[in-house]
Amino acid sequence: MYKKNENVKNKHYFRSEELHPDLEMAKWSLEYLPPPEFFWKTDLDMVIRTRKECMMMVEVKKKGSQKKPVQERTYKILDAGLKSICGKRTEIEGGYNCTLNYHGFHYLEIDGTNPMNSKEIKWDDVIISHDDLIRKLKFSDGCKECLPNEEICGCSEEL
């Protein structure tokens, strides 16, 4: 049986409880898993995948929240792994085969709590419009595999 960490130095490890997506799980992990000095835990806000295996990962930073170096390195490891199988036929446990069309890892920064109440939206450090964000999240910028409805994806029927 795992024991509770009685020596947690900083029980208020989170900069903003309001911005933490799963506060209860995070508090639990601070008590029962190794301390943050040795054991890094992070969440990923969005993994978007179409039926035709277009996929991207998006980390959302709200209200001026900053990228953390440890978190950024973790995302780079995941990004490199997905890039390594992009375009290759890959068998997944259970007999499912897919060819991933990976659209990368991206940072979405908003100054509000969602894109609609934000004055500024940044995608990978570049200011974009709300409509641009929607296009990006729907794979309208460079999708090579089509969704059933071209208006959703933006791909031509020929691809």
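Q: Hi! Which residue lies over the face of Tyr107?
A: That's Lys67, at 4.4 Å from the ring centre. A charge counts as over a ring if NZ of Lys or CZ of Arg is within 6 Å of the ring centre and within 35 degrees of the ring normal.

Q: Anything I should know about the model?
A: This is a predicted model, where local features need pLDDT of at least 70 and side-chain atom pairs count only at pLDDT 80 or more, while totals for chains, interfaces and linings use all residues. Residues are numbered from 1 along each chain as its sequence is written, and side-chain values use heavy atoms, with hydrogens and water left out.

Q: Back to Tyr107: is it buried or exposed?
A: Tyr107 is buried, at 5% relative accessibility. Buried means under 20% relative accessible area, exposed over 50%, partly exposed in between (1.4 Å probe, protein chains only).

Q: And which cluster is Tyr107 part of?
A: Ring pairs link Tyr107 with Tyr75 and Phe105. Rings of Phe, Tyr and Trp (its six-membered ring) pair if their centres lie within 6.5 Å; planes under 30 degrees apart are stacked, over 60 edge-to-face, the rest tilted.

Q: New topic: what does Trp123 touch?
A: Leaving out residues up to four places away in sequence, its contacts include Met56, Tyr107 and Leu137. Contact means heavy atoms within 4.5 Å.

Q: Last one: which residues of helix H1 are buried?
A: In H1 (residues 23-32), they are Leu23, Ala26, Ser29 and Leu30. They are on the same side of H1 because they cover an arc of only 125° around the axis, taken from the directions from the helix axis to the C-beta atoms. Helices here are DSSP runs (H or I, at least four residues), numbered from the N terminus.

How values were computed: Helix = DSSP H or I, 4+ residues; strand = E, 2+ residues; numbered from the N terminus.
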